[in-house]
Amino acid sequence: MCGIAGIFHCGTPKPVDPARVVKMCDAIAHRGPDGAGVWTDSGIGLGHRRLSIIDLEGSPQPMHSADGNAVIVFNGEIYNFRELRRELAAQGAVFRTDGDTEVILAAWQRWGIDCLDRLNGMFAFALYDRQTRDLFLARDRLGVKPLFMAELSDGSVAFASELKGLLAHPLLRRKADPLAVEDYMTWGYVPDHRSILKGVEKLPAGHFRLLKHGAPPAAPRQWWDVDFSGRKKGSMADLSAELLHHMREGVASRMDADVPLGAFLSGGVDSSSVVALMSEASRDPVTTCSIGFDVAALDETGYADSIAQRFATNHHSRMVAPDDFQSIDRLAGIYDEPFADASALPTLRVCELAREHVTVALSGDGADEAFAGYRRQVFHAREEQARAIVPAGLRATLFGGLGAIWPKADWAPRPLRAKSTLLSLAEDGAAGYARSLSVIPPELRTQIFSDPMHRELAGYQAEQPLIALMRNAPAQTGLDRAQYADLKFWLQGDILTKVDRASMAVGLEAREPLLDHRLIEFAAALPHKARIKGAQGKWLLKNTMERYLPSDILYRPKQGFVTPISQWFRGPLADQARAISASSGLARTGWFNPRILSRLAEDHISGQSDHGRVLWQLMMLDKSIRHLGIEG
């Protein structure tokens, strides 16, 4: 795991100042505290910060191929590099190191762009071919590793692992994109198809770009997608056996490291499954790390402790106070773009704890998206059954009319929030699922935005790209489309962003064995009954893991990291809630109606309504604006 940065001139190959690349790399030094390097040539500059995981003393970057004709900077891990190395060596490739970086160079020289199909891993890399004078930028299938890009006024394309790397370039404009603000206020993060800054892009997951001197910058091209249109056949026993095989391979392949390795352990199904399979594959005790809250309703450490005892792990835990909001300002510097998933705070805490004991930690991320483990997916599958029975015109009139007059009940569990359900049923499946995913519905966004902001948006709504993604998905059913959206939209924008930035902020490499692409492709082809059974999501995975885990781990309600932001804004952060409407950062933008923001804050503080999540998003947006120095 590392950080990369660079500059490429697509027009005239102008000289690249090495000092400029060094500054870009220094901005992301936390991603690679163990080493640094820069290489420049006519029209190209590549920079690297290294976190040593494999081949600790070898494999410095930027790395040249054995013949000197290709140069690479690489962030991530290739889990099958040893097999690829043997295959390439048999075909004449020469290797001077014991790491995976040199294998990518040899794979490029042997197979070109098709090398991507052979790589099993998490990665973002920039590879310059000195013979063709092309720059090859690529990102892994699921988007575990990020890559930001910007076309600059001097004709160059700059890129970096984090936005702060681009911010170190003097030609980058710090002008906000209003569409990204709409996206952020809808989802709580800026999705991968957008950036908070105009002119900045993120290379999409499963895409590459091939840039050439003397030609306009080429658009990203997709090299991988997940396909939900097929269905596996076979008994549940056969499917369970195949699933366990894929899970074991995913876990075992990610346990290869030359530094201390462990796992995050929340006590939930996914992290417990990973720890169980790690213990099965390891002679030594697995190092596990958990955090808990000193409020019983929020704390899961009892479950984590029971798994640690069950598999005799070397377990470390730490309690976090429910008023642990001292690091809020730090989050803006870690994430750069506004990021309002409140579980970023406990995620940062567990990464800090893990880094005290290991350099690599395996997580359970990805299983809910792949196997239908979210409650919203189960609800969506039920709603799709209702949509199939009631004609669209009648649904819009009946459910839409009822939803419009039904009172809000934000405090209630989702099955009892009839307003949300009725409004969702009034729409088609894609629009309904987009509504269920949104943090702030369009009706409230319409109120809080100012008239000038509405003119800037020109009718754009953040749900539109997600709805289009679902409608065009390679899928059979509404559940397929929902899971496709979660894997292609929510996963990169929220979950993977959260873990990458929090782990890298403390120099920790996080690996996601349940996002092994072979496992994801298998899960996408499962029949509906293997994913949802009754009200139970993620059924096949839970049934498969019964041989390892007790029922109270497998079948208790999903919890996750819970942060009491609503209570904070009625207590220690009440003054910050009141200050949001007059915030110099937000006020300067002119995006919001200050009268409405003030009313939201007062209604929340008084207990009349629960606007905790809206206030949190506004506060994190304000802190991001200040951090980025966004132009008014």
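Which helix gives the largest share of the lining of the largest cavity? Keep that one in mind, and I'll come back to it in a minute. Before anything else, please remember that this is a predicted model.

Okay, let's start with the sheet. It's an open sheet of six strands, and the order across it is 2-3-1-9-8-10, with antiparallel pairing. Look at the two ends: strand 2, residues 35-41, and strand 10, residues 200-202, each have a single partner strand, so one side of each has no neighbour in the sheet. If you compare neighbouring strands here, they're turned by 15° against each other on average, ignoring direction. As a general reminder, strands in a sheet pair through backbone hydrogen bonds, and that can be parallel or antiparallel.

Now zoom in on one end of that sheet. Strand 8, which covers residues 148-151, runs antiparallel to strand 10, and three bridges join the two. If you'd like one to find on screen, take Ala150: its bridge partner in strand 10 is Val200.

Right, on to the empty spaces. In general, you roll a probe the size of a water molecule over the atoms, and that shows where empty space is left. In this structure there are seven cavities of 30 Å³ or more. The largest has a volume of about 160 Å³. Its lining is made of 21 residues, and the ones nearest the centre are Phe148, Lys202, Glu337, Thr497 and Arg501. So, back to my opening question: the answer is helix 20, residues 478-505, which supplies six residues of that lining, the largest share.

Next, two single residues. Is Asp368 buried or exposed? Asp368 sits in helix 12, residues 367-371, and it counts as buried because its relative accessibility is 6%, where the cut-off for buried is under 20%. Its side chain makes a polar contact with the side chain of Lys538, at 2.6 Å. Leaving aside residues up to four places away in sequence, Asp368 touches Asp270, Gly373, Tyr374, Gln377, Lys538 and Lys558.

And then there's Gln131. You'll find Gln131 in the loop between strand 6, residues 121-129, and strand 7, residues 134-139. This residue counts as exposed, because its relative accessibility is 59% and the cut-off for exposed is over 50%. What separates the C-alpha atoms of Gln131 and Asn69? The two residues are 62 residues apart along the chain, and their C-alpha atoms are separated by 6.2 Å.

That's my tour, thanks for listening!

Note on methods:
Residues numbered from 1 in each chain as written. Predicted model: local features only at pLDDT ≥ 70, side-chain atom pairs only at ≥ 80, totals over all residues. Heavy atoms only, no water. Helix = DSSP H or I, 4+ residues; strand = E, 2+ residues; numbered from the N terminus. Buried < 20%, exposed > 50% of the residue type's maximum accessible area, 1.4 Å probe, protein only. Polar contact = N/O pair within 3.5 Å; in protein donor to acceptor, adjacent residues only side chain to side chain. Contact = heavy atoms within 4.5 Å. Pairing = 2+ DSSP bridges. Axes fitted to C-alpha atoms, helices over the stretch in contact; angles between N-to-C directions. 1 Å grid on protein atoms, 1.4 Å probe; cavity = no way out; pocket = protein on both sides within 12 Å on 5 of 7 lines; lining within 4 Å. Points joined across faces, edges and corners; volume = space filled by probe spheres on them.
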